[in-house]
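Here is a short walk through one chain, starting in a loop and working outward to the whole fold. Please keep the 3D view open while you read.

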Amino acid sequence: MDLSIIIVSWNVKPLLRLCLDSIQRGLEGSGVVAETIVFDNSSTDGSPQMVREGFPWVCLMESQVNLGFTKGNNLAIAASEGRYIFLLNPDTEVVGDALRLMVEHMDSHPR
């Protein structure tokens, strides 16, 4: 596994959908083997259902209480399997070949 993409989410359903769509586009044909983990911090806006129904390739971790950004990231990192970890905010989108270029850069610059 090349890359673990970790997103901590709380009540940002529309933004999270755009973010996940962009990850899917960025990975298609890239050659990057990746996992995407969404850690949901007890959202009440239907975010977990949207992830389950619209993005079955995403590993969804759900908390019954809001554990905060740092704890959510730490728990998702502990569950991840990638050589590299990419912490991505749910209000961002992956553009073009960014994921492939990032992995290639890290592979060629191990320090």
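Asn11 is partly exposed in this predicted model, because its relative accessible area is 27%, between the cut-offs of 20% for buried and 50% for exposed. You will find Asn11 in the loop between strand 1 and helix 1 (13-27). Its backbone deserves a look: phi is positive, at about 55°, although Asn11 is not a glycine.

A second residue with this backbone feature is Ser42, whose phi is near 65°, again a positive value in a residue other than glycine. Ser42 sits in the loop between strand 2 and helix 2, and it counts as partly exposed, with 23% relative accessibility.

What does the side chain of Ser43 reach with its polar atom? One partner is the backbone nitrogen of Asn11, 2.7 Å away from a polar atom of that side chain. The side chain of Asp40 is another partner, in a polar contact of 2.7 Å. Ser43 belongs to the loop between strand 2 (34-41) and helix 2. Its relative accessible area is 14%, so Ser43 is buried. Setting aside neighbours within four places in sequence, Ser43 is in contact with Ser9, Trp10, Asn11 and Pro48.

Next, turn to strand 1 (residues 3-9), which holds Ser4. Is Ser4 buried or exposed? Ser4 is buried, because its relative accessibility is 0%. Its side chain makes a polar contact of 2.5 Å with the side chain of Glu35. A polar atom of the Ser4 side chain also lies 3.5 Å from the backbone nitrogen of Glu81. Beyond neighbours within four places in sequence, Ser4 touches Glu35, Ser80, Glu81, Gly82, Tyr84, Ile85 and Phe86.

The polar partners of the two buried serines can be set side by side:

| Serine side chain | Partner | Distance |
|---|---|---|
| Ser4 | Glu35 side chain | 2.5 Å |
| Ser4 | Glu81 backbone nitrogen | 3.5 Å |
| Ser43 | Asn11 backbone nitrogen | 2.7 Å |
| Ser43 | Asp40 side chain | 2.7 Å |

For a contrast, try Glu53 in helix 2 (residues 47-54). Glu53 counts as exposed, because its relative accessibility is 67%. How far apart in space are Glu53 and Arg83? Their C-alpha atoms are 28 Å apart, with the two positions 30 residues apart in sequence numbering.

Now zoom out to the whole chain. It has four helices and four strands, and along the sequence they follow the pattern β-α-β-α-β-α-β-α. The C-alpha atoms fill a box of roughly 40 × 25 × 20 Å along the principal axes. A compact globule of 111 residues would have a radius of gyration near 13 Å, and the chain, at 14 Å, agrees with that.

Buried residues make up 40% of the 111 residues. Of the contacts between residues at least 6 apart in sequence, 73% join residues at least 24 apart. The chain exposes about 6200 Å², and carbon and sulfur atoms supply 54% of this area. As for charge, there are 8 positive and 14 negative side chains, and the centres of the two sets lie 3 Å apart.

Key
Residues are numbered from 1 along each chain as its sequence is written. This is a predicted model: local features need pLDDT of at least 70, side-chain atom pairs count only at pLDDT 80 or more; totals for chains, interfaces and linings use all residues. Side-chain values use heavy atoms; hydrogens and water are left out. Helices (H or I, at least four residues) and strands (E, at least two) are DSSP runs, numbered from the N terminus. The radius of gyration is taken over C-alpha atoms; the globule rule is 2.2 Å times the number of residues to the power 0.38. Buried means under 20% relative accessible area, exposed over 50%, partly exposed in between (1.4 Å probe, protein chains only). Contact means heavy atoms within 4.5 Å. Accessible areas come from the Shrake-Rupley method with a 1.4 Å probe; for residues, only the protein chains shown count as cover. Lys and Arg count as positive and Asp and Glu as negative; His and the chain ends are not counted. The place of a charge is taken as NZ of Lys, CZ of Arg, CG of Asp or CD of Glu. A polar contact is a pair of N or O atoms within 3.5 Å; within protein, one must be able to donate a hydrogen and the other to accept it, and residues adjacent in sequence count only if both atoms are side-chain atoms.
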